[in-house]
Every structure is written in structure tokens, then in C-alpha cells.
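Open the model in your viewer and keep the sequence panel visible. We will move from stop to stop, selecting as we go.

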Amino acid sequence: MSAIDSHGSPPTAAGGKGPLWSRMKHAHHFRNHDEEFDACKLGMWLFLTTEVLLFSGLFVAYAIMRMKYPQAFTNGSHYLDWRWGGLNTIVLLLSSFTMAYSIRNAQMNKQGWLKFNLAFTVLCGALFLVIKFTLEYAPKWAQGKRPGFLFSYPNAQDPYEPIWWSIYYSATGIHATHVLIGMGLITYLFLRSLKGTYGPKHYTGVEVVGLYWHLVDLIWIFLFPLLYLIH
Amino acid sequence: MSDHAHHHTSPHAGGTERSAHGAFDANDPHGEHPSHGHGHVIVSARMLIVVLSVLLVFTVLTVFLAQAEKWFATAFGVEIPQSVNVAICMSIATIKSVMVAMFFMQLKYDNKVHALVMGFCLLAFGLFLGFTALDLGSRGRIDPVKEFDVHAGGTGKNGLTRIKLVNGKPVVRRDEQGHLILDRFGKIQYEMEAIDTNITQWAKETAEERLTRRGYEAAMKGRHGEHEATVSSANQTVGMYGPRLFADHAEPAHDAEPAATGGH
């Protein structure tokens, strides 16, 4: 094929008519919107594999420690309240649903619903973090149920419980960081959607951030039973 | 411009609709780079709601089964192996994640490359987890000494020593019976150390006995000259029994043969 910039001018002039999403240009090194969309999506999937590998280290650490200190881990899961974990699972599943729905809204040019679903997703993320920090982290930390050398819980039943808390705080902490990053990205989408940036011809951002948000949900789908339910 | 003027959706089988672009592309007037055959999939509202419902039902189910199992074990006084608990939880989590990946992340309708990329990543994860489990689960087969707990390395401090010295001074609290908690932990630690010593002693004796019985010591001496292998250490793992990758240590005669014999 000929040189990449032999296609001439971008599809529309800057001062064109129509909603913003229809005037969004693709990056100059892509031939068209489709190519840009596919490249972005493949890039996001590649990034998601690195995310999975990041969490795989934590999952393997969990497996090793569980095999070595089963009693500490059995005690550990009893210290956690499955009701908060379950509630957080439902909150994240709902947010995944609204995220997936917002892509549909953008594709079908339902601007009002797009804004609503994006805002709802961010709020679900915030609710998740509030539950996590105020109802789970804070009371446990105050009781001395802390990771590693910070551990000072006087009624511990097994000498290896600090290891359980190390695994618990690192796994859920890194996950919570991802929720926070996801919330930031979706807030950015929401602010741009106020200007009508996303529509049937231009929704790559929504799609790609959506993939990230679903991965955060996927990680929690595994963390919840591993930490709260296996006893 | 006709480039994006036409954008109509049409119902499509499989709970999705596909969007189609206008016929004329100003960027590609001769159709040299035709739009991809798959188009962009719009997952139907009904499909999304069904998937969400299934996910919620499975969440309730996994919590219910975990609680039911606990209740069953206490009510009937039976011991359900932990593998049942783990298998149920992980199967449901896997089903849920496949649902999310297929429909919310649209893997079902996507370019198959995305599924392939993630598939290889999961394969790597599987190898990582699998070989670690294989190692941990079979250490006892190589050397009984290695079968027991790994102890805190590095500073040598674990939760026990830490409890004794929080903020530089011992924590003294009383449990429900009025006993000093520090004492209780001290006792546990003492007992564990005693158990460790006994285990080490036992393992050493067992290992030595096996070594002698198999004539291993002599074999190692014959092979490595000055080297003495009475018992394995952290730096030196000695195969005792079980499957082995390489030739049996007890048969040093093979080493004496030249490499190019090839008659058998």
C-alpha cells in the first residue's frame, strides 16, 4: 500500500455541522475509525493480560500460603463478613452492567442514558470503596488485624494469621486501587459525554474503559469467594 | 458527508444488532480498505439484562452453598473436605467470569485475536499456579524434611515475635479466662519449636536410615570424591524415592561406561 498519509485531508473540516461525535477525527496514522477502534481494542486486551499477570502473582501467593498455613486462612475467612463482600459483589456486577449498557447507549446515540449509565457506574465504584474502607478496612485495622509486622490482634488463634492479613490487604488493596483508577477514567468519559463526544461513530473510549472496568469486576468475582467463602 | 451520514442499525440474530456504514467512504473511494466484515456489534438490552440476572443469581448461589455446607457439617457432624468447598466456589466464579467476558466484554462477538491473547495469558497463569502447587504438594516425596512448614525468613520475625514487642514493649492483655495472652503465645511458640526439633530429628533419622539402606552414601562418595551427602540441606536436595528424571544415584556403574557404547 501507499504511504500512510497519502489519503489527503481528514474526513471532516473542523467547522463542520452535526453533533460532536460525528465530527471527531481519528488519529492521523489510522486509515479510518474502524482501524483506530480495532487497534485500541487490541491494545487494551494486551494491557489486560498484564493486569491478569499482576493479579496472578497474588493468587499464587494466596495458594502457597493457604497450602502452608491452612488454619490461619480458615480463621481469616471467619474474620471477614460475607455480607459486606456479597454486597460489594452485587454493587460491582451492577456497575459492570451499566458500563456495558453505556456502550450500547453510545452506539445507539442515546445521549441521556449514556450520561446516566456512566454516572451510575462511577457511583457504584464509589459505593464499593466506601463499603470496603469504612465497614471492612477501618474496624479491622483498629482491632489490630493488620498485615505482616503491623499485626497486633491480641485474640489471634494461629501464629500465622499476620500472613493471612498480608494477603488480604495486598489483594483487596491493589483491587481497590484499580477501582479508583477505573472511577477516574469513567469520570473522564462522563465529562466528555456532557459535550456529546461519544456517539455511533465514535465510542472507542467508552468501549476500552469498559473493558478495564469489567476486568476489575472479574478480579473481584474471584477474590470474593477466595477470601470470604472458602473456609 | 456520506462518510458518516448513514448509520442505521438492523436486528441481527444472537441477541445483537450490527451497525453498517454508508456505502461511500471518502477516505477509501475505491473500496481498497473495505470496512471489516464483522461490523460493530450492539449487544441487545435483553441480553445484557439476562446476563446481569444470571450473574446475580450465581452470586447468591455461591454464598448460599458455602453457608449451607457449613451448616450441614455442623448439623450432622460430618466433615466435608475443603476441596468440595473450593471446587464449588471456583466453578461458580469461573462461570460468572466467562459470562462477563463473553457478553459484557463482548468476546463472543469480537475478533478472535482478543480471546486468543487472553487465552495465552491464562495459560501462563495456569503454568505458574500449576507448577507451584506441584512443587509444594510433592516436596515430601523428595525429602521428608521439606514437607513441613516453611518458616519466616529474612529477619526471622513472624507474627509471634511481633506480638511480644509492639511499639518496643511487650503487649500484656488477658483473655476471657484471665490468662495473660502473651503467655499463651509464648507457650505456643515454645511448643512449636519443640515440635520442629522433634520433626527435624525424626526426619534426619529417617533420611539417614534410607541413605544407608540404599547404599547411597557410598555411591555419592564414589562419584564425587570428597563430597559427603549424609542428609539433604536447603542447598542440597537428595531424591529418596518416587519418580525421578535422571538415572538412579545408586547405580554408579553406568557412569563408568563410555558414552559411545550404543549397543543397547
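Where is the place of Leu150(A)? Select Leu150(A): it sits in the loop between α5 and α6 (161-194) of chain A. This is a predicted model. Is Leu150(A) buried or exposed? Neither label fits: it has 15 C-beta neighbours inside 10 Å, so Leu150(A) counts as partly exposed. Now add Pro162(A) to the selection. Leu150(A) and Pro162(A) are separated by 12 residues in sequence, and their C-alpha atoms lie 8.2 Å apart.

**Next stop: α4 and α5 of chain A**

Select residues 82-107 of chain A for helix α4, then residues 111-142 for helix α5. The two pack at an angle of about 165 degrees, and their axes are 8 Å apart. That angle makes α4(A) roughly antiparallel to α5(A), because angles over 145 degrees count as such. The crossing of α4(A) past α5(A) is left-handed. Colour the contact between α4(A) and α5(A) by residue class: you should find 17 nonpolar, eight polar and two charged residues.

Stay on α4(A) alone. How many of its residues are buried? The count is 20 of 26, so α4(A) is mostly covered, given that 20 or more C-beta neighbours within 10 Å make a residue buried. Next, check the length of α4(A). At 1.5 Å a residue, its 26 residues should span 38 Å, and the end C-alpha atoms are indeed 38 Å apart. Then step past the end of the helix to Asn109(A), which follows α4(A) and has a positive phi, near 60 degrees.

**Next stop: α2 and α7 of chain A**

Select residues 33-68 of chain A for helix α2 and residues 204-229 for helix α7. Their axes come within 10 Å and cross at roughly 15 degrees. That makes α2(A) roughly parallel to α7(A). Here α2(A) passes α7(A) in a right-handed crossing.

Show side chains at the contact. On α2(A), the residues include Phe37(A), Met44(A), Leu48(A) and Phe55(A). On α7(A), look for Val208(A), Leu211(A), Leu215(A) and Ile219(A), among others. By class, the contact of α2(A) with α7(A) holds 12 nonpolar, one polar and four charged residues. An α-helix has 3.6 residues a turn, so residues three or four places apart point the same way.

**Last stop: chain B**

Hide chain A and display chain B. It has eight helices and three strands. Along the sequence, the pattern of chain B reads α-β-β-β-α-α-α-α-α-α-α. Of its 264 residues, 13% count as buried. Among the contacts in chain B with a separation of 6 or more, 50% join residues 24 or more positions apart.

Terms used:
Residues numbered from 1 in each chain as written. Chains lettered and ligands numbered in written order. Predicted model: local features only at pLDDT ≥ 70, side-chain atom pairs only at ≥ 80, totals over all residues. Axes fitted to C-alpha atoms, helices over the stretch in contact; angles between N-to-C directions. Helix = DSSP H or I, 4+ residues; strand = E, 2+ residues; numbered from the N terminus. Parallel < 35°, antiparallel > 145°, perpendicular 65-115°, else oblique. Left-handed = near helix turned anticlockwise from the far one by under 90°. Nonpolar A, V, L, I, M, F, W, Y, C, P; charged D, E, K, R; others polar. Expected span 1.5 Å × (residues − 1). Buried ≥ 20, exposed ≤ 12 C-beta atoms within 10 Å, placed from the backbone. Contact = placed C-beta atoms within 7 Å.
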